[in-house]
Protein chains: 2
Amino acid sequence: MPAIGSRRGPTKGDQRERALLEAARALFREKPFSQVTIDELANAAGIARSGFYFYFESKQAVLAALCEEVIGQNDQDMAEWLASDGLDREALRQGLAGALGRWRVDGRWLREALANPDPGAEVLEVRERLNAKGCSIVSRRIERDARAGLTVGGPPALLAAMVIKLRIMMFSEAYANPEEYTEDELLDTLTDAILRLLYGTVPESAAPKAPAASA
Amino acid sequence: MPAIGSRRGPTKGDQRERALLEAARALFREKPFSQVTIDELANAAGIARSGFYFYFESKQAVLAALCEEVIGQNDQDMAEWLASDGLDREALRQGLAGALGRWRVDGRWLREALANPDPGAEVLEVRERLNAKGCSIVSRRIERDARAGLTVGGPPALLAAMVIKLRIMMFSEAYANPEEYTEDELLDTLTDAILRLLYGTVPESAAPKAPAASA
DNA sequence: TAAATTTTCGACACAGTGTTGAGAACTATC
DNA sequence: GATAGTTCTCAACACTGTGTCGAAAATTTA
């Protein structure tokens with residue numbers, strides 16, 4: 001039993017666990033979570049179905065593990081904006097762009113894990129933990145801006161929840177309808193929407209305008 | 001086989017179908033959709049499990065039927081605002097309040113039907129149909145406002161999707177954390193958020209402000 | 001009341017999940 | 001490179017929930 005941080009190489013078991021996670025990621029991309037069976041998962045990783053249970057408690061536990069991996073990266077994407085002050089449009093847009101890229105690839109299962117009200121206890125646990133952390137960070141940023149005199153429209157906690165959810169919702173939407181809007185259109189509109197949500201009218205908007213009095 | 005609109009009273013079968021729908025509504029309120037079995041459903045309606053299949057194809061089909069009933073009422077709630085022009089805050093808030101009331105009661109299953117990415121084919125079909133209708137109505141309202149010279153921040157279709165999703169998200173959030181915010185706080189903030197999303201800074205906001213430079 | 005129909009349900013087949021325990025494969029140590 | 005201890009594997013089993021079928025019961029219609 002190697003201690004955490006041990007210098008020992010990955011054992012056969014570690015490789016199998018990795019293989020299961022990779023297999024899962026690939027399968028969850030291809031079809032809905034509910035339609036992937038543990039049998040498939042195990043086979044794809046080269047073990048028998050019953051062997052699966054040596055590594056994970058359930059299919060949900062695998063999804064939870066995948067989430068943990070990816071959401072961490074997402075946090076990194078947004079870190080710069082979260083640390084900045086006021087309406088730093090560029091930092092916000094950059095962060096969103098990074099996250100969107102990830103969603104384009106793993107959107108199917110991210111959606112199922114993050115937008116589903118009842119994704120099972122394991123996923124729920126991970127999600128709640130990370131969501132609470134995210135809300136508190138965004139809240140603090142909003143309060144900071146409010147103290148600095150920027151117009152902020154509502155209770156920070158509620159606004160933070162809105163921003164976080166709006167992001168997930170729109171990425172989810174973009175994954176579901178990739179034809180509907182271009183990536184730039186989505187990013188510009190979402191960036192502006194978040195800024196407007198927080199601060200009201202925003203100058204120098206880069207977002208394409210609605211067709212003005214053209215008719 | 002009575003024609004549609006027949007004057008004949010409800011047959012035994014019609015009553016059973018009704019009973020199933022009511023039983024389902026009650027059960028789906030109490031626990032997650034995935035944990036309600038067809039056996040329970042059938043028993044609650046006073047028939048054997050296999051009898052269930054005479055009335056519905058699957059559990060999902062029941063959920064879809066329930067959705068159809070409720071979403072219609074939701075549309076009525078929002079009708080006044082959708083028909084109005086510009087930032088008619090009162091109409092918007094009223095509409096949202098009506099819908100929120102319904103969510104307070106049936107939130108659990110509404111969430112599972114409307115926010116879940118993979119709720120099964122039947123529910124998906126109903127949802128897509130109604131969502132498309134909703135988006136197109138909101139889009140038209142936005143275009144109308146844009147032509148009337150109001151500042152609108154982004155492509156109407158995308159903004160419409162945002163508004164619709166934001167509403168569902170926040171009701172869903174409110175159902176999940178009923179302690180977190182008061183009903184008024186939520187309604188004010190959501191109303192303002194939608195208006196700000198569409199038109200930028202909004203005058204005479206009723207929303208409670210963030211703690212201004214108090215520290 | 002009899003024929004037509006609608007409705008009910010027991011019995012079956014099946015797919016997916018989760019458990020167990022015996023043994024094979026691996027790893028560390030000498 | 002043998003050996004003791006651990007890690008890993010998997011066939012076999014038990015279980016739960018879904019969906020189908022057809023014969024029989026109940027209800028409606030004529």
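## Two all-helical chains and how they meet

In this predicted model, 46 residues of chain B are in contact with 46 residues of chain A. Four helices of chain B, α5 (89–114), α6 (121–147), α7 (156–176) and α8 (183–199), each supply at least two residues of the side that touches chain A. The largest share of that side, 10 residues, comes from α7(B). Below is a tour of the pairing, the core, the helices and a few residues worth a look on screen.

**How the chains pair**

- By residue type, the side of chain B that touches chain A divides into 26 nonpolar, 10 polar and 10 charged residues.
- What turn lays chain B on chain A? A turn of 180° does it, with a shift of 0.0 Å along the axis and an RMSD of 0.0 Å. That is the relation of a two-fold axis.
- The copies meet through the same surface, because 100% of the interface residues of chain B are also interface residues in chain A.

**The nonpolar core**

- In soluble globular proteins, nonpolar side chains tend to be buried together.
- Here the largest nonpolar core has 118 residues, and M162(A) and M162(B) are those with the most contacts inside it.
- Which residues does M162(B) touch, not counting those up to four places away in sequence? They are L166(A), M170(A) and A193(A) from chain A, together with L197(B) from chain B.

**The fold of chain A**

- Chain A has eight helices and zero strands, and its pattern along the sequence reads α-α-α-α-α-α-α-α.
- Of the 215 residues in chain A, 40% are buried.
- Taking contacts in chain A between residues at least 6 apart in sequence, 63% join residues at least 24 apart.

**Helices α7 and α8 of chain A**

- Helix α7 of chain A (residues 156–176) has 21 residues and reaches 30 Å from its first C-alpha to its last, close to the 30 Å expected at 1.5 Å a residue.
- Is α7(A) enclosed or open to its surroundings? It is largely enclosed by the rest of the structure, because 17 of its 21 residues are buried.
- Helix α8 of chain A (residues 183–199) has 17 residues, which should span 24 Å at 1.5 Å a residue; its end C-alpha atoms are 24 Å apart, in agreement.
- Like a well-wrapped parcel, α8(A) is mostly covered, with 13 of its 17 residues buried.
- Just after α8(A) comes G200(A), which takes a positive phi of about 80°.

**Annotated regions of chain A**

- The UniProt annotation "domain: HTH tetR-type", from an unreviewed entry, covers residues 14–74 of chain A. This span is 77% helix and 0% strand, and its end C-alpha atoms lie 25 Å apart.
- A UniProt annotation, "DNA-binding region", again from an unreviewed entry, covers residues 37–56 of chain A. Over these residues the chain is 70% helix and 0% strand, with the end C-alpha atoms 14 Å apart.

**Three residues to find on screen**

- A24(A) lies in helix α1 (residues 12–30) of chain A.
- Is A24(A) buried or exposed? It counts as buried because it has 23 C-beta neighbours inside 10 Å, and the cut-off for a buried residue is 20 or more.
- Leaving aside neighbours within four places in sequence, A24(A) is in contact with L41(A), V62(A) and L66(A). The C-alpha atoms of A24(A) and L66(A) are 8.5 Å apart in space, although the two residues are 42 residues apart in sequence.
- V105(A) sits in helix α5 (residues 89–114) of chain A. This residue is exposed because it has 12 other C-beta atoms within 10 Å, and a residue with 12 or fewer counts as exposed.
- V105(A) and Y175(A) are 70 residues apart in sequence, yet 8.8 Å apart from C-alpha to C-alpha.
- R102(B) is found in helix α5 of chain B, where it counts as partly exposed because it has 16 C-beta neighbours inside 10 Å.
- Beyond its neighbours within four places in sequence, R102(B) is in contact with V70(B), Q73(B) and N74(B). The C-alpha atoms of R102(B) and I71(B) are separated by 9.9 Å, with their positions 31 residues apart along the chain.

Technical notes
Residues numbered from 1 in each chain as written. Chains lettered and ligands numbered in written order. Contact = placed C-beta atoms within 7 Å. Nonpolar A, V, L, I, M, F, W, Y, C, P; charged D, E, K, R; others polar. UniProt positions renumbered as here; feature names shortened; annotations may be inferred. Least-squares fit on C-alpha atoms with pLDDT ≥ 70 in both. Core = buried A, V, L, I, M, F, W, Y, C linked by C-beta atoms within 7 Å. Expected span 1.5 Å × (residues − 1).
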